[in-house]
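Biologist: I would like to go through this structure with you. Could we begin with how far the coordinates can be trusted, and then move on to the details?

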Amino acid sequence: MKQISKYFAGLSLIALTASCSLNKEPYSAIPDDGILKDETKWPAATAGNYALLKEEDFTRNYFQMGEFPSDDITLSGATTDPLFYSYTYGHITNQGNTRQIWRMGYKAINGCNRLLEVMPEGKSAAINELIGENLFIRAFVHFGLVRSFGRPYAQNPETNLGVPVITKYDITAMPKRNTVKEVYAQIVADLSRAKKLMNNDNTNSYATKNAAMALLARTYLYMGRNDSAAIYADSVITYGKKYTLLGTGELPRYFTKSNENNEETIFAIHHTLQDDRTWSSIGSMYYMSPGGQGYGEIYASDSYRALLDKYPEDVRHAFVQPVYLKDQYGQDSLDASGVKVMAKRNGINKWYILKYSNQDNVPTLSSPVVLRLAEMYLIRAEANAKMGKDMEALNDVNIIRTRAGLSGNALFSSSNMQGYATVLDVVLDERRLELAFETHRVFDLFRNNKNLFRDYPGVQPDHPQTVKYTDARVVHFIPESEILLDPNLVQNPIQ
């Protein structure tokens with residue numbers, strides 16, 4: 001059926017770029033079936049698959065659909081953006097952003113499939129590298145889709161449905177949804193093969209052997225394979241001097257650095273000035289520049305800031321910015337007690353989030369980070385905590401806290417648990433602090449069988465709002481338009 005081309009529309013968008021060099025930034029792709037027969041064009045074609053990840057329909061939705069359901073943010077008012085439904089858990093079957101990421105995701109997957117079917121493994125090291133990169137992209141997109149549309153792995157992965165696993169280009173296919181277990185198995189298979197084929201010569205704008213191992217570490221953590229998660233995280237941490245944690249003084253500027261200038265980033269989706277989307281950028285909802293760029297309607301939540309404020313010296317305060325009212329002279333307004341007056345929207349204090357803004361001094365430009373070294377320490381810490389290796393877990397937490405400018409009683413030990421009942425709880429809160437707004441928090445809660453609790457003001461339908469990890473709403477609906485085209489797709493339960 002021709003309608004089924006929804007999975008493959010544009011999958012001949014194999015890139016034809018200005019240069020075949022992988023040192024060039026990915027450009028938009030154009031159709032050219034002949035490129036598949038010319039191996040000199042395969043590097044450019046691979047660059048085209050990276051370019052699909054840069055598209056707004058994928059990148060913006062990956063990072064906002066993954067973050068807006070969390071308790072680290074508060075939406076200060078109604079918005080016409082369909083991501084409103086991701087924040088409120090009021091998911092609808094024709095939600096625009098779910099359709100966008102689904103279609104762009106499968107376009108990228110099948111862009112990879114077209115190349116993987118023609119590139120012979122073992123012919124040369126260069127071709128092996130390209131095969132590995134395409135396997136990494138395919139695994140990353142499957143991972144992004146299954147965590148939004150499939151239930152957490154800890155909940156009956158053998159029977160719960162994930163997303164269709166697509167590894168072959170077939171314009172007539174009408175695929176069913178694979179189980180969550182099957183999707184994760186394919187992700188592991190792709191990354192395991194990719195790491196054997198790639199080296200670490202690429203920049204962090206492209207897949208590498210270490211990027212594959214880092215994504216494997218995260219995948220195994222989500223699967224509850226703690227031994228494997230710790231092993232792969234450790235492998236990335238201990239690999240030579242490829243990556244290093246930014247120093248305490250540099251950490252506040254982490255997300256203003258472009259990829260090649262950031263020694264902690266393992267893989268990020270590189271955006272340059274030509275990719276700046278201003279009003280539709282990832283950071284547009286988080287921040288409004290002094291020049292008025294961005295909407296600035298989503299703020300750091302009270303509960304996140306309460307955790308951060310336990311230690312005022314924590315340099316991670318730099319990632320949120322209070323907004324104050326100005327007087328007629330442009331100075332911060334003061335109340336009768338001489339305290340600065342917070343600016344509000346709909347009665348909610350404005351705390352801008354800065355992790356997706358001001359790259360290269362451009363207010364709405366960001367190269368969103370997918371994998372970084374700090375996460376590897378925290379993956380190893382969580383895995384060790386779950387395996388009963390408490391001291392090893394706390395040591396890794398303390399590495400991250402020390403880098404954040406903390407010392408003395410702000411560090412953890414067996415005799416200084418700071419009121420926490422378990423080491424796992426220590427690790428999860430440190431993940432919340434370090435990886436805030438980077439699409440981890442809500443998945444960390446649900447995959448660990450913990451409820452989400454919002455006890456702060458916002459447009460969430462209930463005050464306070466509790467979303468149980470068993471709730472049907474923890475996943476988005478399969479786009480209704482896709483089910484109309486492929487009746488083999490089964491919708492997620494409504495309740």
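Modeller: A term is needed at the outset: pLDDT is the predictor's confidence in each residue, on a scale from 0 to 100. This is a predicted model, and the mean pLDDT of the protein is 92. A value of 70 or more is reached by 93% of the residues.

Biologist: Where does pLDDT stay under 50?

Modeller: That applies to residues 1-31, for which the model nevertheless has 95 contacts beyond four places in sequence. Where pLDDT is low, the predicted coordinates should not be read in detail.

Biologist: Noted. On to the interior: how many residues has the largest nonpolar core, and which have the most contacts inside it?

Modeller: The largest nonpolar core has 133 residues. Those with the most contacts inside it are Phe 136, Phe 140, Val 141, Leu 371, Met 376 and Phe 437.

Biologist: Which helix gives the most to this core?

Modeller: Helix H5, residues 125-149, does so with 13 residues. Apart from this core lies another, of seven residues, including Leu 246, Leu 251, Tyr 254 and Phe 255.

Biologist: What does Phe 437 touch, not counting residues up to four places away in sequence?

Modeller: Phe 437 touches Glu 67, Asp 72, Ile 73, Ala 300, Tyr 304, Val 320, Ile 353, Lys 355 and Tyr 356.

Biologist: Let us turn to aromatic pairs. What is the count?

Modeller: There are 23 aromatic pairs. One of them joins Phe 58 and Tyr 62, which are stacked, with 5.8 Å centre to centre and 20° between the planes. Both residues belong to helix H2 (residues 56-65) and are four residues apart, about one turn of the helix.

Biologist: Are those two buried or exposed?

Modeller: Phe 58 has a relative accessible area of 1% and is therefore buried. Tyr 62 is at 4% relative accessibility, so this residue also counts as buried.

Modeller: A further pair, Tyr 299 with Tyr 352, is tilted, at 6.2 Å centre to centre and 40° between the planes. This pair links distant parts of the chain, 53 residues apart: Tyr 299 is in strand S3 (residues 298-300) and Tyr 352 in strand S7 (residues 351-353). Both tyrosines are buried.

Biologist: Which residues do ring pairs link into a cluster?

Modeller: The cluster consists of Phe 58, Tyr 62, Phe 63, Phe 68, Phe 136, Phe 140, Phe 267, Tyr 286 and Tyr 356.

Biologist: And which charged side chain sits over the ring of Tyr 87?

Modeller: The charged end of Arg 454 does, 4.0 Å from the ring centre. In addition, Arg 372 lies over the face of Tyr 254, at 5.1 Å from the ring centre.

Biologist: Next, Val 369. Where is it found, and what is it in contact with, leaving aside its neighbours within four places in sequence?

Modeller: Val 369 belongs to strand S8, residues 369-372. Its contacts are Phe 63, Tyr 254, Phe 255, Thr 265, Phe 267 and Ala 268.

Biologist: Why does Val 369 count as buried?

Modeller: Val 369 counts as buried because its relative accessible area is 10%, and the cut-off for buried is under 20%.

Biologist: Now the helices. How far does H7 reach?

Modeller: Helix H7, residues 209-223, has 15 residues and reaches 21 Å from its first C-alpha to its last, close to the 21 Å expected. Of its 15 residues, 14 are buried, so H7 is largely enclosed by the rest of the structure. Just after H7, Gly 224 takes a positive phi of about 80°.

Biologist: What covers the buried residues of H11?

Modeller: The cover includes S8, helix H10 (373-386) and helix H12 (423-434). Among the buried residues of H11 are Asp 396, Asn 398, Arg 401 and Arg 403. H11 is followed by Gly 405, whose phi is positive, near 95°.

Biologist: Finally, backbone geometry. Which residues other than glycine have a positive phi?

Modeller: Asn 358 is one of them, with phi near 70°; this residue is in the loop between S7 and S8. Gln 418 has phi near 50° and lies in the loop between H11 and H12. Asn 358 is at 22% relative accessibility and so counts as partly exposed; Gln 418 is partly exposed as well, at 26%.

Biologist: Which peptide bond is cis?

Modeller: The bond from His 463 to Pro 464 is cis, with omega near -5°. Pro 464 lies in the loop between strand S9 (452-454) and strand S10 (465-467).

Notes
Residues are numbered from 1 along each chain as its sequence is written. Side-chain values use heavy atoms; hydrogens and water are left out. Contact means heavy atoms within 4.5 Å. Helices (H or I, at least four residues) and strands (E, at least two) are DSSP runs, numbered from the N terminus. Buried means under 20% relative accessible area, exposed over 50%, partly exposed in between (1.4 Å probe, protein chains only). Rings of Phe, Tyr and Trp (its six-membered ring) pair if their centres lie within 6.5 Å; planes under 30 degrees apart count as stacked, over 60 as edge-to-face and the rest as tilted. A charge sits over a ring if NZ of Lys or CZ of Arg is within 6 Å of the ring centre and within 35 degrees of the ring normal. The expected span of a helix is 1.5 Å times one less than its number of residues. A nonpolar core is a set of buried Ala, Val, Leu, Ile, Met, Phe, Trp, Tyr and Cys residues joined through side-chain atoms within 4.5 Å.
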